[in-house]
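User: Please take a close look at one strand and its surroundings, working from burial through pairing to the neighbouring elements.

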Amino acid sequence: MEEITIQVPRRTPTHSPISSPRRTHVPRWTPSPSPPSSPKRAMINIGESFEPNEPMQSENFDDSEKWTHALRWAPHTSGAMKNESLELELELSPPISTRVGQVPRWTPSPSPSRSPKGPTRNESLDEVEMGSVASEEDMEKFFPFNSASISSSTRPPPPPPPLDSILLEAPSLKNLPKIKTSSMHESDSAVKQPKENINNSPWDNGTGFTSKSNGVLLTWKNLWVTVPDRQSSRRPILQRLTGYAQPGEILAIMGPSGCGKSTLLDALAGRLGSKTRQAGEILINGRKQSLAFGTSAYVTQDDTLMTTLTVREVIHYSAQLQLPASMPASAKKERAEMTIFEMGLQDCVDTRIGGWGKKGLSGGQKRRVSICIEILTRPKLLFLDEPTSGLDSAASYHVMDRIVNLARREEITVIASIHQPSSEVFELFHNLCLLSSGKTVYFGPASMANEFFASNGFPCPALRNPSDHFLRTINKDFDLDIEQGFGGATSTDEAINILVKAFTSSETCQQVQGRVSHISQQKGGVLEKKGSQASFATQCLILTERSFVNMYRDLGYYWLRLAIYIALCLCVGTIFYDIGFSYGSIQARGSMLMFVAAFLTFMAIGGFPSFVEDMKIFGRERLNGHYGVGAFVIGNTLSSIPYLLMISLIPGAIAYYLVNLQKGFEHFLYFAFLLFVCMMLVESLMMMVASIVPDFLMGIITGAGIQGVMMLCGGFFRLPNDLPKPFWKYPMYYIAFHKYANQGFYKNEFEGLTFPDSQLGGAATISGEEILHNIWQVEMGYSKWIDLSILFGMVVLYRLIFLGIIKTVEKVKPVIRGLFVVPPEKSRLIIENPNDPQ
């Protein structure tokens, strides 16, 4: 039959004499007349998804007869919550005179992909709210939901509300499009769309992995993680965990603080510490594979960000580092802007991240920036460690809703540890892993967790958030009695034991184990370790630019050091002002040059805290595969050169000309350039220290101690011929850069000068070469440029050592971790907790 497109007219409601003054009056409305020979169906495109409801009876559509209409909401795409076209179907059928009139209740779908089995929380809240604004008589007249009102046959059914008033109960349905009426002979499949079962993955139809999927199936079986303990040999953090995560779905790991949520994420991502010991089996697509460096994305609890950059700069730099070189720059910028908008950061794109001394973003905004960075490349496996920390309930819902939609659209496997989610956020989860003291309390569909707790004597009270109820039941930090069943009470430990035993013997546990076994037998594709897709030259260029901007804006990196250097050089210049060429000036010149070579370069450790922050950012980005170690070392080196030149030239000129050292511009250039190379060398030394000692306080102490030892054997405090030959002269004297720095400064200053000789019986004057050889015991077999070249070579060597340390740590850590991993066949040998209820 033909399709008729009609507009629903908005009619002025007719006031009923019995209606309550506090209730919206129920109007009558008349659609365009149509012959009642066959049922008709009306379809309304709207912007919100609703659940099916019971048919309701409407009074006269025209003056001759009554019609019954049923409203159904069918989304075009499963799980659309917003910005997606949905259809409201209005099905018209001949009147049934004996049907009891009912007012339908319209309840939004709590989840983009599923709905709860029982009444939603919104329905309960609506009943409470309606009871507060209407009397009992009005409730019986207009909302006949109780059995007394339904059984009363003498009371005439109230007129139904108009279609407009029904639709306007949803706040987002204020502007209705036109109604599209079609014949009943159309295919019901276009109207009655079954809801997607989120527990069955679209990748395998609930049977197992298929080779057609591009996603990642992650499974773990009998997973144990233990750490050293003083009282006993090993203390378990995770005990006998089994589970899986599927593409397009989000697995939520919940539990009280200290239950092992972050440890489970680290174990699955391959990021456990060297002191932890792991037992069990972790498979990716049915294979044992590594997840290091770019194969997955991990958003940690700590938001390690470059504090001097704005939100837009952070995301844009990250996009240029991660996205492929074949992608145009405009496309990269568009992807970055779209990601910023998805996380709701469009109002703070030009705000700096902020850190010490300067207020910037809030904690929740920083968390969203961290998520933005990792979802730019749409990774196939995404780990989120408490992504909603610092966010309010509305922001938490929107962030998680974006992540769920992104996971479904891009085939991403998402595993998130989450703390205290709201009821709306909880309903977004597909699967739930509930932990307590490292044990599995529940693993399975999130929608069935409430039923599991209720069936074991711990029902969730009305109007309480299910996640709050779960955590309150299994949190034994505060050992309180938990209400059980009808007025009973039990301790928290007993409640945990009951739930753990119930889950172990449940059908859901058997299904999970069968699912894991089936996936493990299906050998899927090998995970590609592609890392950053940008070219090496692009990585070096972007890292140099980003580091240069960071150094420019960070006052503690170079600007404070510049001010201190200027102050020190003014002090040196005034103390040794116009030193002259007397015999006494020989010792004064040597002391002044030694101070410049030793103590001015010693001040380079002042930038160590800022460099430690750079190392933390590098560690996070390196583990997620944003760029390589070589690009980082080159970028940091190139970006620091302009600032070190500035620090060498300006304070160096002040000290050089106030003291009135040897005339000649070429001598000043050598003086400044040698000072520049010494500062670069000290920074390279501190980079090596930072790669070994990540704590900035311990790093400063270590670096200062190393430089102190080098000063002692540099040839000034103790002349080279007087140094003890074992260790101090061989090899420390030749390892210390102060030897070459002092000799370079001395040769640049004393060569070509003559001084009066005050010794009796000697020559009237003494040359600079004699002073170098006899007084300072300088090696005169090579020129000052050789000393400069040796120092420059040491800079390159120290940078290469820094690179080698990082690469070695990357290679050695997995090997050390592998030594502590117990094979699956030997995992039963681990001493279990005797109080383990399993």
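Analyst: Both faces of strand β12 are covered in this predicted model. Leu381, Phe383 and Asp385 lie on one side and are buried, and Leu382 and Leu384, on the other side, are buried as well. In a regular strand, side chains alternate between the two faces of the sheet. The strand spans residues 381-385, and five of its five residues are buried, so β12 is largely enclosed by the rest of the structure. Buried here means a relative accessible area under 20%. For the protein chain of 838 residues, the share that counts as buried is 50%.

The pairing of β12 involves β11 and β13. Strand β11, residues 297-299, pairs with β12 in the parallel sense over three bridges. Within this pairing, Tyr298 stands opposite Phe383 of β12. β12 and β13 also run parallel, and five bridges join them. Here Phe383 stands opposite Ile415 in β13. Phe383 therefore belongs to the buried set on one side of β12, has Tyr298 opposite it, and has Ile415 opposite it in β13.

The connection from β12 to β13 goes through a helix. β12, helix α9 (residues 393-410) and β13 together make a β-α-β unit, and the unit is right-handed.

Past β13, which covers residues 413-417, comes a loop that leads to α10 (423-426) and contains Gln420. Gln420 has a positive phi, near 55°, and is not a glycine. Most residues other than glycine have a negative phi. Gln420 is partly exposed, at a relative accessible area of 42%, whereas the residues of β12 are buried.

A second enclosed strand, β14, allows a comparison. β14 covers residues 431-436, and six of its six residues are buried, so this strand too is largely enclosed by the rest of the structure. Its two faces are both covered: Asn431, Cys433 and Leu435 are buried on one side, and Leu432, Leu434 and Ser436 on the other.

The partners of β14 run in opposite senses relative to it. With strand β9 (residues 250-254), β14 pairs in the parallel sense over four bridges, and Ile253 stands opposite Cys433. With strand β15 (residues 439-445), the pairing is antiparallel and extends over six bridges. The bridge partner of Ser436 in β15 is Lys439. β14 and β15 form a hairpin with two residues between them. Ser437, in the turn, has a positive phi of about 55°.

Helix α5, residues 261-269, has buried residues of its own: Lys261, Leu264, Leu265, Ala267, Leu268 and Ala269. An α-helix has 3.6 residues a turn, so residues three or four places apart point the same way. Just after α5, Gly270 takes a positive phi of about 70°.

As for the setting of these parts, the protein chain contains 25 helices and 22 strands. Among its contacts with a separation of 6 or more, 76% are between residues 24 or more positions apart.

Conventions:
Residues numbered from 1 in each chain as written. Predicted model: local features only at pLDDT ≥ 70, side-chain atom pairs only at ≥ 80, totals over all residues. Heavy atoms only, no water. Buried < 20%, exposed > 50% of the residue type's maximum accessible area, 1.4 Å probe, protein only. Contact = heavy atoms within 4.5 Å. Pairing = 2+ DSSP bridges. Right-handed = clockwise from strand over helix to strand, strands pointing away.
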